[in-house]
Amino acid sequence: MRWLGIDYGTKRVGLAYGDEVGVALPLPALTDAAEAARWTKLGEVVKRRRITGIVLGYPYNMDGSAGFKAKEVDAFAAKLKAAFGLPVHLVDETLTSVEAESSIAKKARRGVRDSGLIDSRAACLILQDYLDQQLPPTDLNP
């Protein structure tokens with residue numbers, strides 16, 4: 001399996017890649033101002049990486065209810081399914097952006113916000129959570 005992790009945003013879309021090895025790696029975020037350009041680049045990533053499934057961060061509130069952006073993400077998920085014909089799995093993205101941002105030195109945070117680095121790190125956390133749940137742990141001591 002080849003998974004694409006996505007942290008959806010209206011301005012930036014964070015991306016991550018993972019496979020049967022079970023390690024999620026951040027990819028460059030989609031930061032084009034035009035939505036059509038972001039979709040074109042997303043299609044290129046799906047094709048180039050031969051993606052077989054998508055893991056999309058879902059905005060739950062702290063109480064477990066769907067967040068205010070949930071309808072927007074639901075629509076994005078439907079569009080992903082229609083565009084690529086791939087399974088889309090929704091994963092709780094609660095606090096992933098906060099955790100991703102905290103991994104960057106405070107001095108550098110302001111400069112990296114628009115680059116999509118935080119978004120792709122969040123996508124990496126989302127995808128890693130999914131992979132950890134799906135793949136059996138490996139026994140390193142035979």
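## Helix α5

In this predicted model, helix α5 has ten residues listed here as buried: I118, D119, S120, A122, A123, C124, I126, L127, Y130 and L131. The helix covers residues 117-134. Its 18 residues, at 1.5 Å a residue, should span 26 Å, and the C-alpha atoms at its ends are 26 Å apart, so the expected and modelled spans agree.

## A16 and its surroundings

Strand β2, residues 13-19, contains A16. The relative accessible area of A16 is 0%, and because buried means under 20%, A16 counts as buried.

Part of the surroundings of A16 comes from α5. Once neighbours within four places in sequence are set aside, A16 is in contact with W3, L4, G5, L25, P26, L27, S120, A123, C124 and L127. Among these, S120, A123, C124 and L127 also appear among the buried residues of α5. A16 and L127 lie 111 residues apart in sequence, yet their C-alpha atoms are 6.9 Å apart in space.

## Packing of α1 and α2

Helices α1 (35-48) and α2 (residues 70-84) pack with their axes 12 Å apart and at an angle of about 55 degrees. That angle makes α1 oblique to α2. The crossing of α1 past α2 is right-handed.

On the α1 side, the contact is formed by E35, W39, L42, G43 and V46; on the α2 side, by F76, K79, L80, A83 and F84. Seven of the residues in this contact are nonpolar, one is polar and two are charged.

## The loop after α1

R50 sits in the loop that links α1 (35-48) to β4 (53-58). R50 is not a glycine, but its phi is positive, at about 50 degrees. The relative accessibility of R50 is 52%, and since exposed means over 50%, R50 counts as exposed.

## Overall architecture

The protein contains five helices and five strands. Read from the N terminus, the order of its elements is β-β-β-α-β-α-β-α-α-α.

Of the 142 residues in the protein, 41% are buried; A16 and the listed residues of α5 are examples. Among contacts with a separation of 6 or more, 64% are between residues 24 or more positions apart. The contact of A16 with L127, across 111 residues of sequence, is one of this kind.

Notes: Residues are numbered from 1 along each chain as its sequence is written. This is a predicted model: local features need pLDDT of at least 70, side-chain atom pairs count only at pLDDT 80 or more; totals for chains, interfaces and linings use all residues. Side-chain values use heavy atoms; hydrogens and water are left out. Helices (H or I, at least four residues) and strands (E, at least two) are DSSP runs, numbered from the N terminus. The expected span of a helix is 1.5 Å times one less than its number of residues. Buried means under 20% relative accessible area, exposed over 50%, partly exposed in between (1.4 Å probe, protein chains only). Axes are lines fitted to C-alpha atoms, for helices over the stretch in contact, and angles run from 0 to 180 degrees between N-to-C directions. Angles under 35 degrees count as roughly parallel, over 145 as roughly antiparallel, 65 to 115 as roughly perpendicular and the rest as oblique. A crossing is left-handed if the near helix is turned anticlockwise from the far one by less than a right angle, and right-handed if clockwise. Contact means heavy atoms within 4.5 Å. Ala, Val, Leu, Ile, Met, Phe, Trp, Tyr, Cys and Pro count as nonpolar, Asp, Glu, Lys and Arg as charged, and the others, Gly among them, as polar.
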